[in-house]
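Please open the model in your viewer and keep the selection tool handy. We will take a short tour, one stop at a time.

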Amino acid sequence: MPIPGSGLAKGLAVTLRTMTRKSVTAQYPDVQPELPPRTRGVIGLFEENCTVCMLCARECPDWCIYIDSHKETVPAAVPGGRERSRNVLDRFAIDFSLCMYCGICIEVCPFDALFWSPEFEYAETDIHELTHERDKLREWMWTVPEPPALDPRAEEPKEIAAARKAAEKAQTAAEAAAAAEAEARAAAEASAQAEASEAAAQTQAETQTQAEAQTQAEAQTQSEAHTQAETQTQAETQAPQRPEQQEGPQ
Ligand code: SF4
Ligand code: SF4
């Protein structure tokens with residue numbers, strides 16, 4: 001049960017705290033205010049993304065978006081193909097004298113063609129000037145801040161998850177192909193090295209065989225020459241004894 005008079009004490013405490021706090025005066029327009037990034041100042045149009053679907057104009061509770069367009073026929077991309085028609089934007093305007101900055105048009109745009117800009121200095125003395133046509137809405141696009149970074153704990157968007165998976169798959173495939181190529185190259189190098197070694201061994205064997213054959217031939221030649229020389233020497237040794245034997249009995 002609350003103590004009687006506690007509410008009054010709390011209120012006085014807040015009053016005292018506020019009284020003792022240092023007052024801050026915004027020095028606008030000499031110093032521009034630091035606005036939060038999601039400030040709803042004015043709406044910018046990125047007309048390249050606009051398909052003239054009219055969703056924003058239909059959903060605007062104030063009916064302050066004006067869109068005019070016409071249809072154009074696009075010739076078939078391939079011979080025998082079907083012609084297509086597309087909407088071409090003629091006018092896109094927002095009347096900011098009626099706009100209540102609810103942001104519904106930006107939320108419902110399915111093609112990200114509308115953005116909030118924090119710019120707010122577009123007061124006019126003539127109310128008609130507050131209807132901003134497409135050129136002016138496009139100019140506001142250059143004042144649209146970068147989107148804030150995603151919350152690290154937020155669930156990954158489906159599109160980004162799909163793109164990441166595709167990129168990982170492609171990278172894995174590329175790595176596998178590179179590894180297979182490197183393996184094939186290594187195998188080819190090893191095979192070439194083995195062939196070279198085999199050829200060198202064969203050449204060495206042939207050289208050795210030739211050398212052996214030559215050595216053997218030389219040895220045989222030497223042996224034959226030696227034998228021949230011995231035979232000749234023996235023959236020469238025996239040859240002078242014959243006349244003595246013949247002369248003996250006489
Ligand atoms: S912010 Fe709201 S009121 Fe303003 S144009 Fe968009 S939908 Fe209409
Ligand atoms: S909802 Fe978006 S795409 Fe559709 S008309 Fe409006 S701005 Fe263009």
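## Stop 1: helix 1

Start by selecting helix 1, which is hardly covered: of its 15 residues, the count of buried ones is zero. Since this is a predicted model, everything you see on the tour should be read as such. Helix 1 takes in residues 6-20, and its end C-alpha atoms are 21 Å apart; that agrees with the expected span of 21 Å, because each of the 15 residues should add 1.5 Å, counted for one less than their number.

## Stop 2: the whole chain

Now zoom out and colour by secondary structure. You should find six helices and five strands, and following them along the sequence gives the pattern α-β-α-β-β-α-β-β-α-α-α. The chain is more spread out than a compact globule, because its radius of gyration is 52 Å, well over the 18 Å that the globule rule gives for 250 residues. Along the principal axes, the C-alpha atoms fill a box of roughly 180 × 75 × 45 Å. Of the 250 residues, 8% count as buried. If you display contacts between residues at least 6 apart in sequence, 74% of them join residues at least 24 apart.

## Stop 3: ligand 1

Next, select ligand 1 and show what surrounds it. There are 13 residues here, and the closest are Cys-60, Cys-99, Cys-102, Ile-104 and Cys-105. Sorted by class, this shell holds 11 nonpolar residues, one polar and one charged.

Which residues does the UniProt annotation "binding site" cover? In that unreviewed entry, they are Cys-60, Cys-99, Cys-102 and Cys-105. They are spread over 46 residues of sequence yet cluster in space, with a largest C-alpha distance of 10.5 Å.

Pick Cys-99 first. Look for it in the loop between strand 3 (84-95) and helix 3 (104-108). Cys-99 counts as buried because it has 20 C-beta neighbours inside 10 Å. Leaving out residues up to four places away in sequence, Cys-99 touches Asp-62, Cys-64 and Ile-94.

Then move to Cys-105, in helix 3. Cys-105 is buried too, with 22 other C-beta atoms within 10 Å. With the sequence neighbours up to four places away set aside, Cys-105 touches Cys-56, Glu-59, Cys-60, Ile-65 and Leu-114.

## Stop 4: ligand 2

Finish by selecting ligand 2. The residues around it include Cys-50, Cys-53, Cys-56 and Cys-109, and also Phe-111 and Leu-114. By class, the shell of ligand 2 has 11 nonpolar residues, one polar and no charged ones. Two residues to highlight here are Cys-56 and Leu-114, found around ligand 2 and touched by Cys-105.

Key
Residues are numbered from 1 along each chain as its sequence is written. Chains are lettered from A and ligands numbered from 1 in the order in which they are written. This is a predicted model: local features need pLDDT of at least 70, side-chain atom pairs count only at pLDDT 80 or more; totals for chains, interfaces and linings use all residues. A residue is near a molecule or strand if its C-beta atom, placed from the backbone, lies within 6 Å of it. Ala, Val, Leu, Ile, Met, Phe, Trp, Tyr, Cys and Pro count as nonpolar, Asp, Glu, Lys and Arg as charged, and the others, Gly among them, as polar. Helices (H or I, at least four residues) and strands (E, at least two) are DSSP runs, numbered from the N terminus. The radius of gyration is taken over C-alpha atoms; the globule rule is 2.2 Å times the number of residues to the power 0.38. A residue is buried if 20 or more other C-beta atoms lie within 10 Å of its own, exposed if 12 or fewer, and partly exposed in between; C-beta atoms are placed from the backbone. Two residues are in contact if their C-beta atoms, placed from the backbone, lie within 7 Å. UniProt positions are given in the numbering used here, feature names are shortened, and annotations may be inferred rather than shown by experiment.
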